[in-house]
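Let's take a walk through a protein chain together. Have a look at the picture first, and then we'll go piece by piece.

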Amino acid sequence: MTLAYGGYQYRQSHLENISLGEKVTELEESLRLSEENLASAETEKAQLADQLNAEKARVDALGEQVGEISDTVGDLDKLSKLDPELLQKYSKVYFLNEHYVPSRLASIDSEYLYNEASSQQIHASVWPFLEDLLQDAANDDVTLMIISGYRSFGAQASIKSNYSVTYGSGTANQFSADQGYSEHQLGTTVDFGTPGVSPTTLEFQNTDAYRWLLDNAHKYGFVLSYPAGNTYYIFEPWHWRFVGTDLARDLHQDEKNFYDAEQREIDTYLLNIFD
Ligand SMILES: [Zn+2]
């Protein structure tokens, strides 16, 4: 009995042990499955997050591309409205067409004219820069005056023929440059003068007005087209051309002449010439 009881006891607890062991195994199994599910859910979540990020990056890149394209379109549109002649170098082989006329001309205020009776014009987009230059010079007690601005092909041709009659054509080419001629026809170029000095003569190089221009004209986008010692044309201290403030500043910094710079390099400044 005792044995039987003991056997029962034994069997009973054995059975209990088995079922407890099975339960633990079951629990362990379900825990393992849960962990697996959790792990795969996490993997899936990570994959979804990756996909989301990739998609976001793609949308950002597209946005950037659209931005770049619209910038390019904007630049192209701006360039299409700018006259490529504005930054061309003129030489004996390359000069402006006789029919060329600037897109818009503005009158220079008579208070700034060397000869108040003459009327002078300048490219309308250059006038604000020139007016600032003239006013700032005046604030520095330097009197700069405009002897001439825009000259049409016809006006220049008659000046040149007068020179030709007086001096013969060889000398006329020296007095009245084919290059200077084109630059005045462009509408962006002026001849400066100052009181008490004969207009468009080398006397101008010894004036405060000329020294002020050498130090400051670049800030307003103007450069001296034919400096002393240039190989293109006779020295014209009075003759200044507008090329935009960026190009004028860089040429001034590098102590370079507009006519010595590469045309390719110069052309990169066209987009922002009036900024
Ligand atoms: Zn000139």
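Before we start, one term: a residue counts as buried if 20 or more other C-beta atoms lie within 10 Å of its own, and as exposed if 12 or fewer do, with partly exposed in between. Keep in mind, too, that what you're looking at is a predicted model.

Now try that term out on helix 7. Which residues of helix 7 are buried? They are Leu247, Ala248 and Leu251. These three cover an arc of only 100° around the axis, so they sit on the same side of helix 7. And what do the buried residues of helix 7 pack against? Their partners are strand 5 and helix 8, the latter spanning 263-267. Go just past the end of helix 7 and you meet Glu255, whose phi is positive, at about 50°.

Let's follow that link to helix 8, where you'll find Ile266. Ile266 has 18 other C-beta atoms within 10 Å, so it counts as partly exposed. Leaving out residues up to four places away in sequence, Ile266 touches Leu87, Leu247 and Ala261. You've already met Leu247, one of the buried residues of helix 7. Here's another pair to look for: Ile266 and Gln88 are 178 residues apart in sequence, yet C-alpha to C-alpha they are 8.2 Å apart in space.

Time to zoom out. How many helices and strands does the chain have? There are 8 helices and 6 strands, and from the N terminus on they run α-β-β-α-β-α-α-α-β-α-β-β-α-α. The chain has 275 residues, of which 26% are buried. If you take contacts between residues at least 6 apart in sequence, 68% of them join residues at least 24 apart.

So what about the inside? In soluble globular proteins, nonpolar side chains tend to be buried together. In this model, the largest nonpolar core holds 41 residues, and those touching the most other members are Leu130, Leu133, Phe192, Phe222, Val223 and Trp240. Several elements give two or more residues to this core, among them helix 2 (127-139), strand 4 (189-193), strand 5 (222-224) and helix 7 (245-253). Which element gives the largest share? That's helix 2, with 6 residues. Pick out Leu130 and you can see some of its company: not counting residues up to four places away in sequence, Leu130 touches Ile122, Val190 and Tyr220.

Next, have a look at two spots in the loops. Asp141 has a positive phi of about 60°, although it is not a glycine. You'll find Asp141 in the loop between helix 2 and strand 3, and since it has just 8 other C-beta atoms within 10 Å, Asp141 is exposed. Thr200 isn't a glycine either, and its phi is positive as well, at about 45°. Thr200 belongs to the loop between strand 4 and helix 6. With 19 other C-beta atoms within 10 Å, Thr200 is partly exposed.

Last stop: how far can you trust the picture? The mean pLDDT of the chain is 87, and 84% of the residues reach 70 or more. Over residues 171-178, though, the pLDDT is below 50, and this stretch has 14 contacts in the model beyond near neighbours in sequence. Where pLDDT is low, the predicted coordinates should not be read in detail.

Definitions and conventions:
Residues numbered from 1 in each chain as written. Predicted model: local features only at pLDDT ≥ 70, side-chain atom pairs only at ≥ 80, totals over all residues. Core = buried A, V, L, I, M, F, W, Y, C linked by C-beta atoms within 7 Å. Helix = DSSP H or I, 4+ residues; strand = E, 2+ residues; numbered from the N terminus. Contact = placed C-beta atoms within 7 Å. Arc of directions from axis to C-beta. pLDDT = per-residue confidence, 0-100.
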